Amino acid sequence: MDNGIILTGAGFEVEGRAILSGLDLALTEARIGIVGRNGSGKTTLMRLMAGLIAPTAGTVRVDGLDPARNRRALLTRLGILFQNPDHQILFPTVAEELAFGLRQMGLPASEAAARVAALLAAEGRSHWANAATHLLSGGQRHYLCLLSILLMAPGTILLDEPFAGLDLPTQARLHRRLAALPQRLITISHDPAAMADCDRVIWLEGGRLRADGPAAPVLADFTAEMARLGAADADTDLVA
């Protein structure tokens, strides 16, 4: 059952330093954006939602499950498309990479292979099956990671800076593919343009909720604040 992602008083500390504090969020909309400057806590929030780390305060639930304790059950509920595909790809060929998640879900090798072949055919990429993953272009590796997620059919996909480092034609193709997906998409970025079409945008600042609402006003306020900080040479202060 898809109950969304619920954070209740969620926080995360490292050696007494708060990275995230007091987050109360119910993420149920189809298209959600999480925006903030570098160091605002976006990546830590993504890792909490994915169960890669556990909160040091409060709770995180994905469809009612604790993601840090139910990683296997999470495979069919939540997928992550990381910014750098090289942090995600493990296997030497495309077919092996695509089959990995299905095998983790318990499918026999023959069924996993059949599903991989069917997906590649549907995507017009059957000729990719035996291709070496390290010879794919950056954009192709990124797309391969997306296909790996789609094979597991999660209800929610976390997108970590999904368009960073891609050329404009590749960005356009990926944007079109993502827009057509039935899954809930949560886009995490510092770039307002990446979430202009979202139903809801959450602005993190210093690990806390700065704003939460419809995309247009939140992104307008965020853009204005970033322009103000840029004009003020905001990067001159040293971090304590």
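What follows walks through a sheet, some helix packing, the aromatic pairs and one buried threonine in this predicted model.

We can start with the sheet. Three strands make up an open sheet in the order 2-1-4, and the pairing is antiparallel. Strand 2 (17–27) and strand 4 (57–62) sit at the edges, each pairing on one side only. Direction ignored, neighbouring strands here are turned by 25° against each other on average. As general background, strands of a sheet pair through backbone hydrogen bonds, either parallel or antiparallel.

Strand 1 (residues 5–14) pairs with strand 2 in the antiparallel sense, and seven bridges hold that pairing in the assignment. Two positions give a feel for the register: Ile6 has Ala26 of strand 2 as its bridge partner, and Leu7 stands opposite Leu25, also in strand 2. The two strands form a hairpin with two residues between them. In that turn, Glu15 has a positive phi of about 50°. In a regular strand, side chains alternate between the two faces of the sheet.

Next come the helices. Helix 1 (residues 42–50) lies across strand 1, strand 2 and strand 4, and its direction is at about 60° to strand 2. Elsewhere, helix 5 (residues 138–152) and helix 6 (residues 168–179) have axes that come within 11 Å and cross at roughly 10°. Angles under 35 degrees count as roughly parallel, so helix 5 is roughly parallel to helix 6. On the helix 5 side, the contact is made by Gly139, His142, Tyr143, Leu146 and Leu150. Helix 6 contributes Thr170, Leu174, Arg177 and Leu178.

Tyr143 turns up again in a charge-over-ring arrangement. Arg125 lies over the face of Tyr143, at 4.3 Å from the ring centre. Arg125 also lies over the face of Trp128, this time at 5.0 Å from the ring centre.

Then there are the ring–ring pairs. A pair of aromatic rings is described by the distance of the centres and the angle of the planes. Searching the whole structure turns up two aromatic pairs. In one of them, Phe91 and Phe100 have ring centres 5.1 Å apart and planes at 45°, so this pair is tilted. Both members have some access to solvent by the computed areas: Phe91 is partly exposed at a relative accessible area of 27%, and Phe100 is likewise partly exposed at 29%.

Trp203 and Phe222 make an edge-to-face pair, because their planes stand at 85° with the ring centres 5.4 Å apart. Trp203 belongs to strand 8 (residues 200–205) and Phe222 to helix 7 (residues 215–231), so the pair ties together parts that are 19 residues apart in sequence. Here the rings belong to buried residues: the relative accessible area is 3% for Trp203 and 2% for Phe222. Buried means under 20% relative accessible area, which puts Trp203 and Phe222 in that class.

The last stop is Thr187, found in strand 7 (residues 184–189). With a relative accessible area of 7%, Thr187 is buried too. What surrounds this residue? Leaving aside neighbours within four places in sequence, Thr187 is in contact with Ile32, Gly33, Ile34, Leu159, Pro162, Ala194 and Met195.

Methods:
Residues numbered from 1 in each chain as written. Predicted model: local features only at pLDDT ≥ 70, side-chain atom pairs only at ≥ 80, totals over all residues. Heavy atoms only, no water. Phe/Tyr/Trp six-rings, centres within 6.5 Å; stacked < 30°, edge-to-face > 60°. Buried < 20%, exposed > 50% of the residue type's maximum accessible area, 1.4 Å probe, protein only. Helix = DSSP H or I, 4+ residues; strand = E, 2+ residues; numbered from the N terminus. Lys NZ or Arg CZ within 6 Å of the ring centre and 35° of its normal. Contact = heavy atoms within 4.5 Å. Pairing = 2+ DSSP bridges. Axes fitted to C-alpha atoms, helices over the stretch in contact; angles between N-to-C directions. Parallel < 35°, antiparallel > 145°, perpendicular 65-115°, else oblique.
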